[in-house]
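Subject: Handing over the structure

Hi,

Here is the structure I promised to pass on to you. Please have it open while you read, as my notes follow below.

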Amino acid sequence: MYWLTDGSYQMMFLATGAGVVVVDAPPTLGHSILRAIAEVTSQPITHVVYSHHHADHIGAAAIYPSKAVRIAHGRTRRLLHEVRDPNRPQPTRVFSDSLRLEVGDQVLQLSYKGPSHSPDNIFIYAPRQRVLMLVDIVFPGWVPFKNLARSRWPAASDSGPRIR
């Protein structure tokens, strides 16, 4: 598994022995993605996973081979159909609740837990590496959205919710 970032945006890819599986294509990384993959392997890109439909995460997906299997949640397909952006090609394979993607010697478990950052955001888990990619929800080293971890414990001097 490899991770490519520009500091704010990231994507990951897996060299599987049977091709490369990529997850997302932020425009800020653009063709750097293809160069990074070429530095690691000569395997072709065979699978593309969309974390969700937003252009800032998959707006460069057109750089991937047109023959690659593009995988996304069913809602992502509908949302991309509405925007009709040539830089974000339609997925060719969709799922509703979960999908176990096995390519070569690698596995990705894709699951949909309901609307979060967007109505189509998915969890992308690589069990072998014990890595979870959950885009726009939790950022390593950052505090999540202001009210995400808010809980209330009643106390005599409590004037409202506190973060603990």
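Let me begin with the sheet: 4 strands make up an open sheet in the order 7-8-9-10, with antiparallel pairing. Strand 7 and strand 10 are the edge strands, each with a single partner, so one side of each has no neighbour in the sheet. From one strand to the next, the twist averages 20 degrees. Do keep in mind that this is a predicted model.

Strand 7, which covers residues 98–103, has alternating side chains. Leu 99, Leu 101 and Val 103 point to one face and are buried, while Ser 98, Arg 100 and Glu 102 point to the other face and are not buried. Strand 8 (residues 106–111) runs antiparallel to strand 7, and 6 bridges join the two. Within this pairing, Leu 101 of strand 7 has Leu 108 of strand 8 opposite it. The hairpin that these strands form has 2 residues between them, and Gly 104 in that hairpin adopts a positive phi near 55 degrees.

On to the next pair in the sheet. Strand 8 and strand 9 are also antiparallel, paired over 3 bridges. Here Leu 110 is found opposite Ile 124 of strand 9.

Next, the charged pairs. How many salt bridges does the structure hold? There are 3 salt bridges, and I will take them one at a time.

- Glu 102 and Arg 100 form one of them, with their closest N and O atoms 2.9 Å apart. Both residues belong to the face of strand 7 whose side chains are not buried. Glu 102 counts as exposed at 53% relative accessibility, and Arg 100 is partly exposed with a relative accessible area of 47%.
- Arg 128 and Asp 105 form another, the closest N and O atoms being 3.8 Å apart. Arg 128 sits in the loop between strand 9 (123–126) and strand 10 (131–133), and Asp 105 in the loop between strand 7 and strand 8, so this pair ties together parts that are 23 residues apart in sequence. Arg 128 is exposed, at 56% relative accessibility, while Asp 105 is partly exposed at 47%.
- Asp 85 and Arg 88 form a salt bridge as well, and their closest N and O atoms are 2.9 Å apart. Asp 85 is partly exposed, its relative accessible area being 21%. Arg 88, at 11% relative accessibility, counts as buried.

One more residue that you may like to look at is His 73, which is found in strand 5 (residues 69–73). Is His 73 buried or exposed? With a relative accessible area of 5%, His 73 is buried, because the cut-off for that class is under 20%. The side chain of His 73 reaches the backbone nitrogen of Arg 75 at 2.9 Å. Leaving aside residues up to four places away in sequence, His 73 touches Val 94, Phe 95, Ser 96, Tyr 112, Asp 120 and Ile 122.

If you would like a place to start, try the hairpin of strand 7 and strand 8, with Gly 104 and its positive phi. From there you can move to Asp 105, in the loop between these strands, and on to Arg 128, its salt-bridge partner. After that, His 73 and its contacts, among them Tyr 112 and Ile 122, make a good second stop.

Enjoy looking around, and do write back with any questions.

Best wishes

How values were computed. Residues numbered from 1 in each chain as written. Predicted model: local features only at pLDDT ≥ 70, side-chain atom pairs only at ≥ 80, totals over all residues. Heavy atoms only, no water. Buried < 20%, exposed > 50% of the residue type's maximum accessible area, 1.4 Å probe, protein only. Pairing = 2+ DSSP bridges. Salt bridge = Lys/Arg side-chain N within 4 Å of Asp/Glu carboxyl O. Axes fitted to C-alpha atoms, helices over the stretch in contact; angles between N-to-C directions. Polar contact = N/O pair within 3.5 Å; in protein donor to acceptor, adjacent residues only side chain to side chain. Contact = heavy atoms within 4.5 Å.
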